[in-house]
Amino acid sequence: MKLDQRPLYMCILLTYISALQNGIDVGITYCKRAHRNTGVTLKVEKGDYGHIASAGYPNNYTTEVYHGHLCNVELQACSTCKIRLKFVELRFPDCESRQTLVVQQIRSVCVTGCDHLRLFEVDQPYHRSTERNYFSDSEGDTYDTMSSGVVIQHCMSNGTSMDGKRFYIRYEVIDKIEKISGTITAPLYSAGTGTITSPNFPLGYALNGETFTYMIQNLDPYGHVRLVFDDWDLAEKSHIQVYDDLSGPNLGTIYGHRKRPTIMSNGNTLVLVFNVGSDKFACCNHIGFRATYTFVSDEKWTERPRTDCSDSYLLQNGGVIKFHTDPMELPQWYDCVWIIKRYIANYPDGVLLRLAETNLGKGWMQSGINSLEIYEGVTSLGNIIARYTTDNFTAGDILYSSGEGLYIRLRGVFNMADKLKMVYTAVSNFTGIGCPSTAGFMCENMWCIPDDLTCDGIDHCGDNSDENPVLVCVKAEIEDDVDWIWTWDKPELEEKTIAPVTTTVNSCFGMFRCHDDSACIHPRYTCDKIIHCNDRSDESGCSLNVLYGSASGLVHSNTFPVINYVPYLTAFSLTIYYHYLCT
């Protein structure tokens, strides 16, 4: 049975009209300095309206008004509201500095020597996304805020010109609701498909307790709305509530940060309410969402994909992304999105992605839409790095991104024999002083990776040098708390004893003392192919492997000479015995 979607739609519309009718005329607020700050703050509600003007308007202002160079008016509206600004009159003297200080304008500060307005929204990251300077040629422009708080700042020069020094702005408080309508065959209203996004996408949204509403209506009363989320990166405190059966009890379905949905409406209208949540200590770590809507005539969605394979990963060290189907299910459609993103600014230098294993079978070839797409950055809007289909897909490719991370999307029909494995690694650049402390292991291909990724059974370097048996990868056969300094040279058949250390003031206790006493260095910097001592003693005799702690282990290899370690550690000396094993 088709449901009549009109009751809630009319209710929302009437509420909107009522708010405009019942709003209060706040009057004119003059921009002037208060006693202890640079301006005034107005709290306004839905439907309120008023004006902001320069001091003394409609007369010109003078430098004596402010006793300084700027003033502010801040508007604070309700959490479901936004503010519409109309720059009715902007009369400022011509500004020569404006032509030469373009960089300064981009940095969003008052332009020195210019009379103008500067506008920005209050909460981050909206603040840095919306900062803009307005001059006389912006007269007549309209600006709708993303959020409920905005600051209009009057920047004033100390010039003596009396010509054109005034401004007048009208504002009104309206609902934060985006309304979209259309049909398959009626482009007069809109195309048959389009997108909706969270505020400030893809630059992130504020966790300031606000809500944003989206209404998508198929003008065909018997039609439907299909929704696929191409991007889904929500904070733990955020959620989307979807209202579908609008003529029923209107109990919305809630989708949290871990549940990337696909939605098919029962009727012809969908209403989505995005509640960002509130956390004053968190900002800007989550991008939000981007969804593609499509107006359709049939409620059946035979190619509706599973999306529960999607996930996001913080780029700390590295990891593995695995895809496999449910062995109990028949072949079916999948739409998997994986995001690998930085969580620390400027670390690491980049991310390596290696396509380690593929077995995608015939199901992928029969799907029609069969693709693995990898994008620069962490959204579907990034530049595409690689696109694989059944025809050109092979394991072993290594991709690199120096941006904020990677966006990976796999779509197609898969069966129980199909699987995919990808290895991602945080990498840093090798420099003249070696690898950074956060990525202390240097691969043979000159990438630097975190030490924790060595000898874990996974090729993170891309050339397998982090798993090479020459490095004596015996972590699995000794205690987990042992730290290693790996060797690069072939061991020699001899016994070496490290001289005892002392605890005098000038000792190298716990450190490596260069043979010429030129320096004391941490043992991890020995045998790292970088000279730290003047006499090169930190790189000599690098067949010696030093353990810290107590351990013994035995490794067997069919290819490389292997070392048997039986270390003895006391307060006076450290003796290491080692020999080759014939295999």
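# Briefing: a buried threonine, a cavity and three disulfides

Thr325 has a relative accessibility of 6% and therefore counts as buried, the limit for that class being under 20%. The model described here is predicted. Besides the surroundings of Thr325, this briefing covers the internal cavity and a selection of the disulfide links. The structure contains 1 cavity of 30 Å³ or more, and a search of the whole structure finds 7 disulfides.

**Thr325 and its surroundings**

- Thr325 is placed in the loop that runs between strand 21 (318–324) and strand 22 (332–341).
- The side chain of Thr325 comes to 2.7 Å from the backbone oxygen of Asn415.
- A polar atom of the Thr325 side chain also lies 3.3 Å from the backbone nitrogen of Met416.
- When neighbours within four places in sequence are left aside, the residues in contact with Thr325 are Tyr334, Phe414, Asn415, Met416, Ala417 and Asp418.
- Asn415 and Met416 thus appear among the contacts of Thr325, with Asn415 taking part through its backbone oxygen and Met416 through its backbone nitrogen.

**The internal cavity**

- The largest cavity has a volume of about 50 Å³.
- Two elements each give two or more residues to the lining of this cavity, namely strand 23 (350–359) and strand 28 (419–429).
- Strand 23 makes the greatest contribution to the lining, with 3 residues.
- The lining of the largest cavity consists of Leu352, Leu353, Arg354, Ile398, Val423, Thr425, Asp459, His460, Cys461 and Gly462.
- By character, the lining residues divide into 5 nonpolar, 3 polar and 2 charged.

**The Cys78–Cys81 disulfide**

- Cys78 and Cys81 are joined by a disulfide with an S to S distance of 1.7 Å.
- Cys78 counts as buried because its relative accessibility is 17%, a value to be read against the limit of under 20%.
- Its partner Cys81 is buried as well, with a relative accessible area of 0%.

**The Cys435–Cys448 disulfide**

- The sulfur atoms of Cys435 and Cys448 are 2.1 Å apart, and the two residues form a disulfide.
- This link between Cys435 and Cys448 is left-handed, with -75° about the S-S bond.
- Cys435 is located in the loop between strand 28 and strand 29 (441–442), while Cys448 belongs to strand 30 (residues 447–449), so the pair ties together parts that are 13 residues apart in sequence.
- Cys435 has a relative accessible area of 18% and is therefore buried.
- Cys448 likewise counts as buried, at 0% relative accessibility.
- Strand 28, which borders the loop holding Cys435, is also one of the elements that give two or more residues to the lining of the largest cavity.

**The Cys514–Cys533 disulfide**

- Cys514 and Cys533 form a disulfide in which the sulfur atoms are 1.9 Å apart.
- The link of Cys514 and Cys533 is left-handed, with -70° about the S-S bond.
- Cys514 sits in the loop between strand 33 (512–513) and strand 34 (520–521), and Cys533 in the loop between strand 34 and strand 35 (547–548), so the pair ties together parts that are 19 residues apart in sequence.
- Cys514 is buried, its relative accessible area being 1%.
- Cys533 also counts as buried, at 2% relative accessibility.

Definitions and conventions: Residues are numbered from 1 along each chain as its sequence is written. This is a predicted model: local features need pLDDT of at least 70, side-chain atom pairs count only at pLDDT 80 or more; totals for chains, interfaces and linings use all residues. Side-chain values use heavy atoms; hydrogens and water are left out. On a 1 Å grid over the protein atoms alone, a cavity is a set of points where a 1.4 Å probe fits but cannot get out, and a pocket is an open set with protein on both sides within 12 Å along at least five of seven lines; lining residues have an atom within 4 Å of a point. Grid points are joined across faces, edges and corners, and a volume is the space filled by probe spheres set on the points. Helices (H or I, at least four residues) and strands (E, at least two) are DSSP runs, numbered from the N terminus. Ala, Val, Leu, Ile, Met, Phe, Trp, Tyr, Cys and Pro count as nonpolar, Asp, Glu, Lys and Arg as charged, and the others, Gly among them, as polar. Buried means under 20% relative accessible area, exposed over 50%, partly exposed in between (1.4 Å probe, protein chains only). A polar contact is a pair of N or O atoms within 3.5 Å; within protein, one must be able to donate a hydrogen and the other to accept it, and residues adjacent in sequence count only if both atoms are side-chain atoms. Contact means heavy atoms within 4.5 Å. A disulfide is a pair of cysteine sulfur atoms within 2.5 Å.
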